[in-house]
Amino acid sequence: MLSAISSFEAPPALSHSKSSFLINPKSITNGNRPSFLSLPAQPASRRLLCAPPAGKFIREDYLVKKKSAAEIQELVKGKRNVPLIIDFYATWCGPCILMAQELETLAVEYENDLEIVKVDTDDEYEFARDMQVRGLPTVYFISPDPNKEAIRTEGLIPLQMMRDIIDNDM
């Protein structure tokens, strides 16, 4: 066992330094590049594991548009005939990405009977704070009837629950 360790020699491009290996710059400038530094001549072609999703809920352009705080306030204060859904999200939030897919599905299902918008909490921090957004995603369901209070949900909620809120409570 000891003889195997003592007979180990570092490759010419690497120099041994106590506990780490460092690249010897002289060997790289001489054209002796280690294999791990070599880049492939052309990228390997990618093979799909499965076909891309296709269906009535998948579209190339997103129907749910990102809006600024001022645009959202205009929508809320303005006269609407349809319910408004405001999705507070962040680009780094995993559940927000899943929620975005569900909201796109709702946008396709309800087409002109519902308006869905998104607010990036990183861009509109003060607005999100004023709306008491503590966790992501946070979704507000606002009825066109000014006498009804808004419904606020926090976290990832199922698609069917959102349908029930839209159909029964709006």
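Among contacts in the chain between residues at least 6 apart in sequence, what percentage join residues at least 24 apart? In this predicted model, the share of such contacts that join residues at least 24 apart is 65%. The chain comprises 170 residues, of which 33% count as buried. Its exposed surface amounts to about 12,200 Å², with carbon and sulfur atoms supplying 54% of that area. Six helices and seven strands are present, and along the sequence they follow the pattern α-β-β-α-β-α-β-α-β-α-β-β-α.

Five of the strands are assembled into an open sheet with mixed pairing, in the order S3-S5-S4-S6-S7. The edges of this sheet are occupied by strand S3 (65-66) and strand S7 (151-154); each has a single partner strand, so one side of each is left without a neighbour in the sheet. In general, the strands of a sheet pair through backbone hydrogen bonds, in either a parallel or an antiparallel sense.

At the S3 edge, the partner is strand S5 (residues 115-120), and the two strands pair in the parallel sense over two bridges. Lysine 65 stands opposite valine 117 in S5, while the bridge partner of lysine 66 is lysine 118. Strand S5 is itself mostly covered, with five of its six residues buried.

On its other pairing, S5 runs parallel to strand S4, to which it is joined by six bridges. Leucine 84 of S4 (residues 84-89) has glutamate 115 as its bridge partner in S5, and aspartate 87 stands opposite lysine 118. Lysine 118 is thus a partner both of lysine 66 and of aspartate 87. Strand S4 is mostly covered, six of its six residues being buried. Burial extends to both of its faces: Leu84, Ile86 and Phe88 are buried on one side, and Ile85, Asp87 and Tyr89 are buried on the other.

Two loop residues were also examined. Serine 68 is located in the loop between S3 and helix H3 (69-77). With a relative accessibility of 25%, serine 68 counts as partly exposed, because it falls between the limits of 20% for buried and 50% for exposed residues. Serine 68 lies 49 residues from valine 117 in sequence, and the C-alpha to C-alpha separation of this pair in space is 9.7 Å. Valine 117 is also the S5 residue that stands opposite lysine 65.

Arginine 134 occupies the loop between helix H5 (125-130) and strand S6 (138-142). Its relative accessibility is 65%, and arginine 134 therefore counts as exposed, the cut-off being over 50%. Leaving aside neighbours within four places in sequence, arginine 134 is in contact with Arg129, Arg152 and Glu154. Arginine 134 and glycine 155 are separated by 21 residues in sequence and by 10.0 Å in space, C-alpha to C-alpha.

Among the pockets of the model, the second largest has a volume of about 170 Å³. Its lining is formed by Val76, Gly78, Lys79, Arg80, Ile142, Ser143, Pro144, Asp145, Pro146, Lys148, Glu149 and Ala150. By class, these lining residues are divided into five nonpolar, two polar and five charged. One of the lining residues, Val76, falls within helix H3 (69-77), and another, Ile142, belongs to strand S6 (138-142).

Technical notes:
Residues numbered from 1 in each chain as written. Predicted model: local features only at pLDDT ≥ 70, side-chain atom pairs only at ≥ 80, totals over all residues. Heavy atoms only, no water. Helix = DSSP H or I, 4+ residues; strand = E, 2+ residues; numbered from the N terminus. Buried < 20%, exposed > 50% of the residue type's maximum accessible area, 1.4 Å probe, protein only. Contact = heavy atoms within 4.5 Å. Areas by Shrake-Rupley, 256 points an atom, 1.4 Å probe, with all protein chains shown as cover. 1 Å grid on protein atoms, 1.4 Å probe; cavity = no way out; pocket = protein on both sides within 12 Å on 5 of 7 lines; lining within 4 Å. Points joined across faces, edges and corners; volume = space filled by probe spheres on them. Nonpolar A, V, L, I, M, F, W, Y, C, P; charged D, E, K, R; others polar. Pairing = 2+ DSSP bridges.
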